[in-house]
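Here is a quick walk through a protein model and its ligands. Have a look at the structure first, then we'll start with a single side-chain contact and work outwards.

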Amino acid sequence: MDRPALVRRLKERGAELGLGAVGIAPIAPSDHETFLKDWLARGHAGSMDWMARTFQDRVDPNRRFAWARSAVVSATSYLPYRGERAAQPGLVAHIARYAVGRDYHDVLLGRLGALARFIEEEAPGTRTRVYVDTGPVLERELAARAGVGWFGKNTNLIGARGNSWTLLGQILTSLELPPDAPVTDRCGTCTACIDACPTGAIPAPYVLDSTRCISYLTIELKDAIPRDKREGVGDWVFGCDVCQEVCPWNRREEPTGDSAFQAGSHLQESDLPALVRLDETAFRARYAGTALLRPRRRGLVRNALVAAANSRNDEAIEEAIPRLSDPEPIVRGAAAWALGTAGGGRIRRALEGARATETDAATRLEIDLALEDRGGTVRV
Ligand code: SF4
Ligand code: SF4
């Protein structure tokens with residue numbers, strides 16, 4: 001089979017496997033090396049220090065994969081429902097739409113693995129390497145080069161026909177394949193995503209300050225969410241969709257019928273009080289096979305406590321009292337902060353009791369500040 005015919009078959013096979021749009025990009029040094037260096041120097045990567053560690057590999061993929069000649073890039077639609085949280089049954093807290101179904105890493109790795117085997121069968125002796133999210137490659141740049149979309153001002157990849165509710169995956173291959181043409185940037189004069197971001201995490205078009213982004217704060221950040229950023233998180237407990245919800249290109253997007261991305265039963269037990277109560281056994285059982293495992297129990301409960309305070313959820317704030325003796329200091333600190341936003345003698349006594357036995361210095365400080373700052377109406 002000649003190369004153009006192979007690419008045609010490959011795209012058909014990708015669609016059959018549920019990968020959506022598939023494009024081909026040549027492997028070449030990044031056009032964004034200076035931008036990325038500056039972005040890292042400004043501290044926009046926050047605690048994601050692996051980005052700096054793998055910088056050279058990212059900007060020049062042939063450093064690590066000398067054999068790679070092309071990237072087969074997929075952009076898979078995942079929109080599970082239109083509208084807001086109504087379709088997250090029982091869920092009071094907000095979870096980014098990509099995480100309401102099965103863990104997309106597992107889903108896409110399986111499909112891309114099958115496509116990689118197809119390539120190896122059609123062109124024996126070909127090397128392949130599959131990545132979803134975690135590889136040392138600049139996946140959005142590869143996707144833009146492969147013509148499956150353009151890099152929007154909100155830093156999401158917007159699909160060629162308009163729609164940023166897509167998940168990316170790549171197969172690096174030693175095959176030299178005819179590349180697709182990139183898509184022109186169609187953001188134009190729009191600034192809807194920049195204006196709507198609740199935390200000002202897009203300081204300039206095409207620039208994301210991760211340290212302010214709710215997705216980073218609720219998923220990647222392993223420590224306490226900085227005090228000055230907690231209110232901005234609102235009621236998101238995992239990720240954030242705001243800059244996609246407001247994007248005009250997403251307005252007409254129809255939900256996918258792909259069963260992997262439909263809301264799972266784990267959401268029915270994920271209202272804020274249930275999340276605050278979560279113990280390790282329930283966490284592992286309820287969220288197995290979903291992306292919600294990523295921040296671990298301590299991260300998810302921390303987020304739920306912040307969301308409980310921000311949304312003035314009295315039932316969830318009540319559940320914060322037992323969390324003052326949680327094994328994880330981050331959870332205890334977030335519980336103190338959440339309780340500090342409410343009033344009442346019972347909460348004061350709980351905070352004072354926790355203060356007397358707390359051994360972690362950062363958590364003691366959270367309790368002290370909660371006791372100092374505590375205001376609002378008496379609820380508990
Ligand atoms: Fe802002 Fe949310 Fe988009 Fe992050 S995901 S840039 S917090 S709107
Ligand atoms: Fe581009 Fe507007 Fe969409 Fe932002 S909201 S990504 S500026 S089209």
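## A glutamate and its partner

Start with glutamate 253: its side chain makes a polar contact with the side chain of asparagine 163, at 3.0 Å. Bear in mind that this is a predicted model. Glutamate 253 sits in the loop between H11 and helix H12, the latter spanning 272–277.

Is glutamate 253 buried or exposed? With a relative accessible area of 16%, glutamate 253 is buried, because the cut-off for that label is under 20%. Leaving out residues up to four places away in sequence, glutamate 253 touches Ser77, Leu79, Arg82, Gly162, Asn163 and Trp165. So asparagine 163, the polar partner, turns up in that contact list as well, and the 16% accessible area is what puts glutamate 253 in the buried class.

## The overall fold

Zooming out, the protein chain has 19 helices and eight strands. Along the principal axes, its C-alpha atoms fill a box of roughly 75 × 40 × 40 Å. The radius of gyration is 23 Å, which agrees with the value near 21 Å that a compact globule of 380 residues would have.

Buried residues make up 54% of the 380 residues in the chain. If you take the contacts with a separation of 6 or more, 74% of them are between residues 24 or more positions apart.

## Two nonpolar cores

The largest nonpolar core has 95 residues, and Val72, Tyr98, Leu305 and Leu351 are the ones with the most contacts inside it. Which helix gives the most to this core? That's helix H6, residues 104–122, with nine residues. There is also a second, separate core of 18 residues, which includes Ala25, Phe65, Ala71 and Val148.

## Around the ligands

Ligand 1 is surrounded by Cys197, Pro198, Thr199, Ala201, Ile202, Leu208, Cys213, Ile214, Ser215, Cys240, Val242 and Cys243. That shell divides into ten nonpolar residues, two polar and no charged. Helix H9 (214–220) and helix H11 (242–245) each supply at least two residues of the shell.

What surrounds ligand 2? Its shell holds Lys153, Asn154, Ile158, Cys187, Cys190, Ala192, Cys193, Cys247, Pro248 and Trp249. Here the split is eight nonpolar, one polar and one charged.

## Two positive phi values

Threonine 155 has a phi near 70 degrees, a positive value in a residue other than glycine. You'll find threonine 155 in the loop between strand E5 (149–151) and strand E6 (157–159). Threonine 155 counts as buried, because its relative accessibility is 7%.

Arginine 312 also has a positive phi for a residue other than glycine, near 50 degrees. The loop in question runs between helix H14 (296–310) and helix H15 (314–318). At 46% relative accessibility, arginine 312 counts as partly exposed.

## More loop residues

Aspartate 326 is in the loop between helix H16 (320–323) and helix H17 (329–340). How much relative accessible area does aspartate 326 have? Just 2%, so aspartate 326 is buried. A polar contact of 2.8 Å joins the side chains of aspartate 326 and arginine 323. Not counting residues up to four places away in sequence, aspartate 326 touches Arg297, Val331 and Arg332.

Proline 226 lies in the loop between H9 and helix H10 (227–230), and with a relative accessible area of 32%, proline 226 is partly exposed. Outside the residues up to four places away in sequence, proline 226 touches Leu217 and Leu221.

## Distances in sequence and in space

How far apart in space are proline 226 and threonine 126? They are 48 Å apart, C-alpha to C-alpha, with their positions 100 residues apart in sequence.

Now take isoleucine 95, which is in strand E3 (residues 94–95). Isoleucine 95 and serine 270 are 175 residues apart along the chain, and their C-alpha atoms are separated by 9.8 Å. Isoleucine 95 is buried, with a relative accessible area of 1%.

How values were computed: Residues are numbered from 1 along each chain as its sequence is written. Chains are lettered from A and ligands numbered from 1 in the order in which they are written. This is a predicted model: local features need pLDDT of at least 70, side-chain atom pairs count only at pLDDT 80 or more; totals for chains, interfaces and linings use all residues. Side-chain values use heavy atoms; hydrogens and water are left out. A residue is near a molecule or strand if one of its heavy atoms lies within 4 Å of it. Helices (H or I, at least four residues) and strands (E, at least two) are DSSP runs, numbered from the N terminus. Ala, Val, Leu, Ile, Met, Phe, Trp, Tyr, Cys and Pro count as nonpolar, Asp, Glu, Lys and Arg as charged, and the others, Gly among them, as polar. A nonpolar core is a set of buried Ala, Val, Leu, Ile, Met, Phe, Trp, Tyr and Cys residues joined through side-chain atoms within 4.5 Å. Buried means under 20% relative accessible area, exposed over 50%, partly exposed in between (1.4 Å probe, protein chains only). A polar contact is a pair of N or O atoms within 3.5 Å; within protein, one must be able to donate a hydrogen and the other to accept it, and residues adjacent in sequence count only if both atoms are side-chain atoms. Contact means heavy atoms within 4.5 Å. The radius of gyration is taken over C-alpha atoms; the globule rule is 2.2 Å times the number of residues to the power 0.38.
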